[in-house]
Amino acid sequence: MKTCPNCNKTYEDEANFCPEEACATDAGPRRLEKAAASPPKGRFVPQERIGGGRTGEVWRALDSQTGGMVALKILDATMMANPVTAGRVDRELRQLVRVDNPRVVRVLDVGKLPDGRVYSANELVSGGETLATVLRRGAMPLAAAKQLLAQIGEGLLEAQKA
């Protein structure tokens, strides 16, 4: 693995320069440096925070078993404070691992971190728009709204079957 000394993002060994424009110097793209050879502390190694909210944080993470990137959701400890809620969340996450539908992000693995927080490692999806972005634009044609609701319904139905 190689790391950009400016943004600290990591890249595969084949990469030589950071693709981020903000990291470029007057002489051109920023050259990557060999990453420190410290073994990962767990299977999923967080690289950069990409989102999150009330329920926890989402990180772009390296899967040390496959070498691929995943979206690692680390649930906030308050989500698991109630044993009943904790059991339900654990059951639902484990059931979502079985869902295989293009309308639902694949859950690859679930578990607990050494500090006790629960995580789910999910397929990393890039591109496209979030539902929030689409809805902020306001009213949409009826045909487009029907198509969007059908896709959401399909995903919910598949998740409910699990």
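In what sense do S6 and S8 pair, and over how many bridges? Select the two strands together before anything else: S6 and S8 pair in the antiparallel sense, and five bridges hold the pairing. Keep in mind throughout the tour that this is a predicted model.

**The whole chain**

Zoom out to take in the protein chain, which contains three helices and eight strands. Followed along the sequence, these elements give the pattern β-β-β-β-β-β-α-β-β-α-α. The C-alpha atoms occupy a box of roughly 50 × 45 × 25 Å along the principal axes, and the chain has a radius of gyration of 19 Å, where a compact globule of 162 residues would have one near 15 Å. If you colour by accessibility, 22% of the 162 residues count as buried, while the accessible surface comes to about 11,200 Å², with 53% of that belonging to carbon and sulfur atoms. Among contacts with a separation of 6 or more, 33% are made by residues 24 or more positions apart.

**The five-stranded sheet**

Now select S4, S5, S6, S7 and S8, which form an open sheet in the order S4-S5-S6-S8-S7 with antiparallel pairing. Its edge strands are S4, residues 44-53, and S7, residues 107-112, each of which pairs on one side only. Looking across the sheet, you will find neighbouring strands turned against each other by 25° on average, direction ignored. Add helix H1, residues 83-96, which packs on this sheet and touches S6 (69-75), S7 and S8; the direction of the helix makes about 150° with that of S7.

**The S4 edge and Arg49**

Move to the S4 edge and select S5, residues 56-63, along with S4: eight bridges join these strands, which run antiparallel. The two form a hairpin with two residues between them, and Gly52 stands opposite Glu57 of S5.

Next, pick out Arg49, which lies in strand S4. Is Arg49 buried, exposed or partly exposed? With a relative accessible area of 46%, Arg49 is partly exposed, because that value falls between the 20% below which a residue counts as buried and the 50% above which it counts as exposed. Leaving aside residues up to four places away in sequence, Arg49 touches Glu57, Val58 and Trp59. Show the side chains of Arg49 and Glu57, and a polar contact of 3.5 Å can be drawn between them. For Trp59, draw the C-alpha to C-alpha distance instead: Arg49 and Trp59 are 10 residues apart in sequence and 4.3 Å apart in space.

**The S7 edge and Gly111**

Cross to the other edge and select S7 with S8, residues 118-123, which pair in the antiparallel sense over five bridges. Val110 stands opposite Ser120 in S8. Five residues lie between the strands of this hairpin, and within the hairpin Gly116 takes a positive phi near 95°.

Select Gly111, which lies in strand S7. Gly111 is buried, with a relative accessible area of 13%. The bridge partner of Gly111 in S8 is Tyr119, and Tyr119 is also among the residues that Gly111 touches, together with Arg117 and Val118, when residues up to four places away in sequence are not counted. A further distance to draw is that from Gly111 to Ala121, 10 residues apart along the chain, whose C-alpha atoms are separated by 8.8 Å.

**Strand S8**

Return to S8 and show it alone against the surface of the rest. Why is S8 described as largely enclosed by the rest of the structure? Five of its six residues are buried, so the strand is largely enclosed. On the side of S6, Ala71 stands opposite Asn122 in S8.

**The three-stranded sheet**

Finish by selecting S1, S2 and S3, which form an open sheet in the order S2-S1-S3 with antiparallel pairing. The edge strands here are S2, residues 10-11, and S3, residues 33-34, each pairing on one side only. Two bridges join S1, residues 2-3, to S2, and these strands run antiparallel. To place the pairing by residue, select Thr3 and Thr10, since Thr3 stands opposite Thr10 in S2.

Methods
Residues numbered from 1 in each chain as written. Predicted model: local features only at pLDDT ≥ 70, side-chain atom pairs only at ≥ 80, totals over all residues. Heavy atoms only, no water. Pairing = 2+ DSSP bridges. Helix = DSSP H or I, 4+ residues; strand = E, 2+ residues; numbered from the N terminus. Axes fitted to C-alpha atoms, helices over the stretch in contact; angles between N-to-C directions. Contact = heavy atoms within 4.5 Å. Rg over C-alpha atoms; globule rule 2.2 N^0.38 Å. Buried < 20%, exposed > 50% of the residue type's maximum accessible area, 1.4 Å probe, protein only. Areas by Shrake-Rupley, 256 points an atom, 1.4 Å probe, with all protein chains shown as cover. Polar contact = N/O pair within 3.5 Å; in protein donor to acceptor, adjacent residues only side chain to side chain.
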